[in-house]
Amino acid sequence: MASAMDVPQATGSQGEFRDKLVAEGLLIPSSVAGVTGQGPAFVDLRQRLDARISKLVADEGAVAMEFPPIEPRHDMESVGYLTSFPQLAGSVFAFHGEDAEALALGEQAHAHQDWSGHLQSAGIVMVPAACHPVYPALARQQVPPDGITIDTGPAWVFRHEPSDDPSRLVAFHMRELVRAGPADTVGAWRDAWRDRALQFLQSLGLPAVFDEANDPFFGRSGKVLARSQRAQKLKFEILVPVGGDHPTAVASFNAHGDHFASVFGLGPVHTACLGFGMERCVLALLFTHGTDVSQWPADVLAELS
Ligand code: ATP
Ligand code: ZN
């Protein structure tokens, strides 16, 4: 468990931006860093943005699939998430004991002592990316020969990276398009969506730029994985300033090759995904255009009407 000491603090303008969002009721902090609620104006913007993304993807013919923010532990184990990102994973433990142990647990909990020793794995983990439950679901049906696109809708996901930075949350909405199909078509699909998504975010008045990226793989061997991911150009991001010293990724594009397809037996296909970080997109809009939405440029408001 990270202590308050471990929590990266928002610096300079980032801290000011967070304080302003809280003071104006856009964000609702809690006693735990990164566990942040959203006030009515923030929710309204997130839903308007989501509706606008629905319009953007309308011609994709995507199949809607929604999943809870939890998934079988077995699936996370199978894809190697706990090797690559053990620091980000969340796991659900539950109580399976009898009366006497329940009493002890209750007393410890009431005294805010550590009661985790009474729990055992419930066989469930928190979903870390909206696309993850899609691959085992595709294994239950046939991927058509010319491929399939799935739209996850705005799914709650979990990553244990507590921070004071308003754009680094422990739970947030990720909306993903997932493509499974013949290898030679999936890369072109991802590149086309990278360009469309960049244009889309720029049409909202955001100073969005595209960059090659890598995931935050854990540990020393993770550095090698990150270098290889970059060398193979497997991950792209769209970056926008959100109050910090560096622009922040508001959307990401990943090519997985046959990784998920071979783990779940999807046949001779490759997969790729495009994920919008919904809260980060809203924060980028608020940072760029100001927290008084009525004062936003008319063309941006028209896009989100
Ligand atoms: P995977 O590679 O496992 O498929 P992914 O590529 O879908 O995952 P990321 O690229 O890591 O997931 O994240 C997608 C988007 O989610 C990012 O572009 C960003 O906007 C948003 N995001 C990531 N981490 C956070 C966070 N801690 N708080 C808020 N938004 C986040
Ligand atoms: Zn994904």
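# A guided tour of the predicted model

Begin by selecting helix H5, residues 99-110. This helix has 12 residues and reaches 16 Å from its first C-alpha to its last, close to the 16 Å expected at 1.5 Å a residue. The structure on the screen is a predicted model.

**Stop 1: the residue after H5**

Move along the chain to His112, which comes just after H5. This residue sits in the loop between H5 and strand S6 (119-126). Inspect its backbone: phi is near 55 degrees, a positive value in a residue other than glycine. Is His112 buried or exposed? Its relative accessibility is 74%, and it therefore counts as exposed.

**Stop 2: helix H7**

Select residues 183-203 next. These form helix H7, which has 21 residues. From first C-alpha to last, H7 reaches 31 Å, close to the 30 Å expected at 1.5 Å a residue.

Now colour the buried residues of H7, which are Val186, Trp189, Arg190, Trp193, Arg194, Ala197, Leu198, Phe200 and Leu201. Turn the view until you look down the axis of H7. Why do the buried residues of H7 line one face of the helix? Seen along that axis, they fall within an arc of 165 degrees, so they line one face. Then select Asp184 and Gln199, which are exposed residues on the face of H7 turned away from its buried side. H7 is followed by Gly205, where phi is positive, near 80 degrees.

**Stop 3: helix H10**

Go to helix H10, residues 278-289. Its 12 residues should span 16 Å at 1.5 Å a residue, and the end C-alpha atoms are 17 Å apart, which agrees. How many of the 12 residues of H10 are buried? The number is 10, so the helix is largely enclosed by the rest of the structure. To display them, select Met278, Glu279, Arg280, Cys281, Val282, Leu283, Ala284, Leu285, Leu286 and His289. Just after H10 comes Gly290, with a positive phi of about 100 degrees.

**Stop 4: ligand 1 and its surroundings**

Select ligand 1 and show the residues around it. There are 22 of them, and Arg159, Glu161, Lys235, Ser252 and Asn254 come nearest. The shell divides into nine nonpolar, six polar and seven charged residues.

Which strands each supply at least two residues of the shell around ligand 1? They are strand S8 (171-181), strand S11 (248-257) and strand S12 (270-277). The largest share, six residues, comes from S11.

Next, display the following distances between ligand 1 and three side chains:

- Arg159: an N or O atom in its side chain is 2.7 Å from an oxygen atom of ligand 1.
- Glu176: a polar side-chain atom lies 3.1 Å from an oxygen atom of ligand 1.
- His132: an N or O atom in its side chain is 3.2 Å from an oxygen atom of ligand 1.

Taken alone, ligand 1 exposes 630 Å², and the protein buries 93% of that area.

**Stop 5: a buried residue in H3**

Select Met76, which lies in helix H3 (residues 73-78). Its relative accessible area is 1%, so Met76 is buried. Add Met126 to the selection: the two residues are 50 apart along the chain, and their C-alpha atoms are separated by 9.2 Å.

**Stop 6: an exposed residue in H8**

Proceed to Ser221 in helix H8. With a relative accessibility of 55%, Ser221 counts as exposed. Select Ser84 as well; Ser221 and Ser84 are 137 residues apart along the chain, while the distance between their C-alpha atoms is 9.1 Å.

**Stop 7: two loop residues**

Follow the chain to Lys233, in the loop between helix H8 (219-231) and strand S10 (235-240). Lys233 is not a glycine, yet it has a positive phi of about 50 degrees. Its relative accessible area is 41%, and Lys233 is therefore partly exposed.

Finally, select Val35, which is placed in the loop between strand S1 (27-28) and strand S2 (37-38). Val35 also counts as partly exposed, at 42% relative accessibility. To end the tour, select Asp215 together with Val35. The two are 180 residues apart in sequence, and from C-alpha to C-alpha they are 22 Å apart in space.

Terms used. Residues numbered from 1 in each chain as written. Chains lettered and ligands numbered in written order. Predicted model: local features only at pLDDT ≥ 70, side-chain atom pairs only at ≥ 80, totals over all residues. Heavy atoms only, no water. Near = heavy atom within 4 Å. Polar contact = N/O pair within 3.5 Å; in protein donor to acceptor, adjacent residues only side chain to side chain. Areas by Shrake-Rupley, 256 points an atom, 1.4 Å probe, with all protein chains shown as cover. Helix = DSSP H or I, 4+ residues; strand = E, 2+ residues; numbered from the N terminus. Nonpolar A, V, L, I, M, F, W, Y, C, P; charged D, E, K, R; others polar. Expected span 1.5 Å × (residues − 1). Buried < 20%, exposed > 50% of the residue type's maximum accessible area, 1.4 Å probe, protein only. Arc of directions from axis to C-beta.
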